[in-house]
Amino acid sequence: MAATPPSSRRLPFVVALAALVFVVDQATKFWAESALSDGRRIPLIGDFLRFRLLYNPGAAFSIGTGATWVFTVLAAVAVVVLVRMATRPQPRGWPLALGLLLGGATTHLCDRLFRAPGFARGHVVDFIDYNGWFVGNVADIALTVGAGVLVLLSLVPRAEHR
């Protein structure tokens, strides 16, 4: 019986990690909408880190608030590209990054497609306030960590390039 090639074992890992990010992100957004919709702010570390509910029609730092549909298209393209990448053999470490990125992109795409004010114009639920600098969510954390992992992996020479 032949051993399963490593690349074929990576796809289930990517999909499972993406699903975990999706579920945790959506569950925490549900919590935020139920617990913070009255304008309440919950301090975690004083004002440095707290929970407060915002609906973001734009991208990071509310950039492009009038072009929500553009972010819907970009999220859809990102999901397709990430799924395609996940089906191809990848160097070690990439499945972690791809799973985080796919989970974050998928949950943002679903927000854009299915949340108010309407299809493909939905606003992303943000609720983690970082000292007033920006407000994000679990998907944003996954996207940031996934991108960071890719940057770190790109700095490490692969064995076949030595």
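**Exercise 1. Which residue in strand 4 stands opposite Asp129?**

Before we start: this is a predicted model, in which local features need pLDDT of at least 70 and side-chain atom pairs count only at pLDDT 80 or more, while totals for chains, interfaces and linings use all residues. Residues are numbered from 1 along each chain as its sequence is written, and side-chain values use heavy atoms, with hydrogens and water left out.

*Solution.*
- Step 1: Find strand 3 (residues 124–130) and strand 4, which run antiparallel and are joined by three bridges. Strands are DSSP runs of E with at least two residues, and helices are runs of H or I with at least four, numbered from the N terminus. Two strands pair if DSSP finds at least two bridges between them.
- Step 2: Look across from Asp129, and you meet Val135.
- Step 3: Now zoom out: four strands make an open, antiparallel sheet in the order 1-2-3-4. Strand 1 (42–45) and strand 4 are its edges, each pairing on one side only.

**Exercise 2. Find the salt-bridge partner of Asp129.**

*Solution.*
- Step 1: Recall the rule: a side-chain nitrogen of Lys or Arg within 4 Å of a carboxyl oxygen of Asp or Glu.
- Step 2: Arg52 fits, with its closest N and O atoms 2.4 Å apart from those of Asp129.
- Step 3: Place the two residues: Asp129 lies in strand 3 and Arg52 in strand 2 (residues 49–56), so the pair ties together parts that are 77 residues apart in sequence.
- Step 4: Check the surroundings: Asp129 and Arg52 are buried. Buried means under 20% relative accessible area, exposed over 50%, and partly exposed in between (1.4 Å probe, protein chains only).

**Exercise 3. Trace the salt bridges of Arg115 to Glu33 and Asp111.**

*Solution.*
- Step 1: Arg115 meets Glu33 at 3.1 Å, N to O. Arg115 sits in the loop between helix 3 and strand 3, and Glu33 in helix 1, 82 residues apart.
- Step 2: Arg115 also meets Asp111, at 2.9 Å.
- Step 3: Compare accessibility: Arg115 counts as buried at 17%, whereas Glu33 is partly exposed at 25%.
- Step 4: Join the pieces: Asp25, Lys29, Glu33, Asp111 and Arg115 are linked in a network of salt bridges.

**Exercise 4. Where is Asn137 found, and is Asn137 buried or exposed?**

*Solution.*
- Step 1: Asn137 is in the loop between strand 4 (134–136) and helix 4 (138–155).
- Step 2: Its relative accessible area is 0%, so Asn137 is buried.
- Step 3: List some contacts (heavy atoms within 4.5 Å). Beyond four places in sequence, Asn137 touches several residues, including Asp25, His108 and Phe127.
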